[in-house]
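New to this one? Take a look at the sequence and the model first, and then we'll walk through a couple of spots together.

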Amino acid sequence: MITKPKGTYDVLPDEVKAWTKLESIIRRICQIYNYKEIRTPIFESSRVFHRDASDTSDMVTKETYDFLDRSNRQITLRPEGTAGVVRAFIENKLYAQSPMQKLFYLGQMFRYERPQKGRNRQFNQFGVEALGSADPLIDAEVIALGTTLIKGLGLKNVKVKINSIGDKESREAYKKACVAYFSQYKDELCGDCLTRLEKNPLRILDCKVDRHKEFFLKAPKIKDYLNESSLSHFETVLKALDEMKIVYEIEDNLVRGLDYYSHTVFELEVDIPEFGAQNVIGAGGRYDTLVSDMEGPDIPGVGMAFGMERLLLAAEFANKSLGKPDYLHVYFIALGEAAKKACLTQMNICRLGGLYCDMDYLSRGLKAQFKTADQNHAMFTCILGDNELEEFKINIKNNETEEQETISIYDVYPYVLNKINAKSACAGCKEKEVKE
């Protein structure tokens with residue numbers, strides 16, 4: 001039997017509803033915040049992601065899927081969304097169309113890592129990128145969008161962990177301090193951190209192996225090396241979050257895993273026991289030199305990304321499942337070939353009018369067809385036999401009230417539509433009464 005590759009998964013029909021609901025919520029929130037959708041290729045030139053030999057992030061050094069195409073070009077399956085969006089921003093000169101571009105994306109990413117619950121080698125990511133402004137308030141807006149999404153999924157106790165890694169001048173001063181300090185403990189550093197000590201000492205702070213060692217906890221803090229402009233930027237972000245009543249916690253060792261960040265970096269956490277210590281659900285930061293590093297103009301940006309599998313898993317653990325059962329407005333039961341053709345005609349009329357409909361194509365008995373109507377959560381079931389067909393009548397059953405009527409076969413669509421509208425109006429009246 002041929003099976004799917006390790007680290008991939010199938011989204012089966014009864015699971016797709018949750019995905020489409022999540023995508024709908026994301027698109028609605030991005031519309032509220034005035035972010036426009038962009039779609040970039042699943043594979044790019046490797047130069048888009050492997051830009052700098054000093055980049056020591058695990059994603060770049062260990063996890064990308066790289067290959068040569070038939071023309072011997074180096075290609076990489078995208079491991080994250082930001083670099084591809086920035087490449088499209090530069091190549092299509094979006095900065096010439098508008099000085100500020102607020103973009104979002106949804107798409108599949110690929111990383112060769114150890115598969116686990118909610119983390120796969122092929123996964124889906126949602127992200128936003130705000131390009132064109134160095135204003136600290138746009139950092140706060142991106143964070144606000146992220147917290148709004150989490151709350152929109154019905155999740156509570158959202159926590160923002162935030163830090164500043166400053167501008168280039170601040171980072172250079174801090175790097176020197178880190179090199180001086182960690183060089184004393186070379187014998188205790190893991191292999192990855194020894195490499196980072198030479199190439200990018202800030203990345204040592206992101207180590208999952210050494211972070212709980214005593215010497216690590218006493219390492220220099222970047223807040224002590226921020227210059228005046230970096231401190232001002234960070235304080236403005238924090239004040240904006242205070243104004244929006246967004247709860248945050250300053251995390252001194254937070255640097256994020258990608259090397260292009262500057263100033264604000266953050267992670268969004270949710271309080272879900274099943275996640276254990278891995279409760280980060282989204283993250284991001286500012287990247288003021290990424291556009292110019294990719295041969296574009298000197299334009300700053302800030303972004304954020306979520307693993308969509310993690311979002312769905314969080315909603316599931318919090319009993320906020322997005323996968324409500326699908327339903328049909330009408331299920332047609334035909335008893336006989338002539339009745340089947342007549343049902344097909346009426347079903348087509350209903351579908352053209354926007355009603356969700358289906359019928360049996362397996363010539364099964366009445367009991368089996370009623371069972372299928374129930375499985376499809378049909379609001380109405382239409383039953384047509386030879387006697388009804390001769391009189392141009394059809395039996396229609398309201399599956400919620402169990403009431404059954406006989407109507408003209410030509411009135412199925414208006415009958416169902418009127419019942420649905422009446423039910424919606426009634427629900428609106430009851431909601432108004434509750435509010436009053």
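What follows is a quick tour of one small sheet and one arginine.

Keep in mind that this is a predicted model. The sheet is an open one with three strands, paired antiparallel in the order 2-4-3. The arginine, Arg87, belongs to helix 3, which covers residues 82-91.

**The sheet as a whole**
- Strand 2 (43-45) and strand 3 (65-68) are the edge strands, so to speak the outer rails, as each pairs on one side only.
- On average, neighbouring strands of this sheet are turned by 35° against each other, direction ignored.

**Strands 3 and 4**
- Strand 4 takes in residues 74-77, and its antiparallel pairing with strand 3 runs over four bridges.
- Two of the bridge partnerships here are easy to look up: Asp66 goes with Thr76 in strand 4, and Leu68 goes with Gln74 in strand 4.
- These two strands make a hairpin, with five residues between them.
- Check out Asn72 in that turn: its phi is positive, at about 65°.

**Strands 2 and 4**
- Strand 2 and strand 4 also run antiparallel, joined by three bridges.
- Ser45 has Ile75 of strand 4 as its bridge partner.

**Arg87 in helix 3**
- Is Arg87 buried or exposed? Arg87 counts as buried, because its relative accessibility is 17% and the cut-off for buried is under 20%.
- Beyond its neighbours within four places in sequence, Arg87 is in contact with Thr40, Pro41, Glu44, Val48 and Met294.

Technical notes: Residues are numbered from 1 along each chain as its sequence is written. This is a predicted model: local features need pLDDT of at least 70, side-chain atom pairs count only at pLDDT 80 or more; totals for chains, interfaces and linings use all residues. Side-chain values use heavy atoms; hydrogens and water are left out. Buried means under 20% relative accessible area, exposed over 50%, partly exposed in between (1.4 Å probe, protein chains only). Contact means heavy atoms within 4.5 Å. Two strands pair if DSSP finds at least two bridges between them. Axes are lines fitted to C-alpha atoms, for helices over the stretch in contact, and angles run from 0 to 180 degrees between N-to-C directions.
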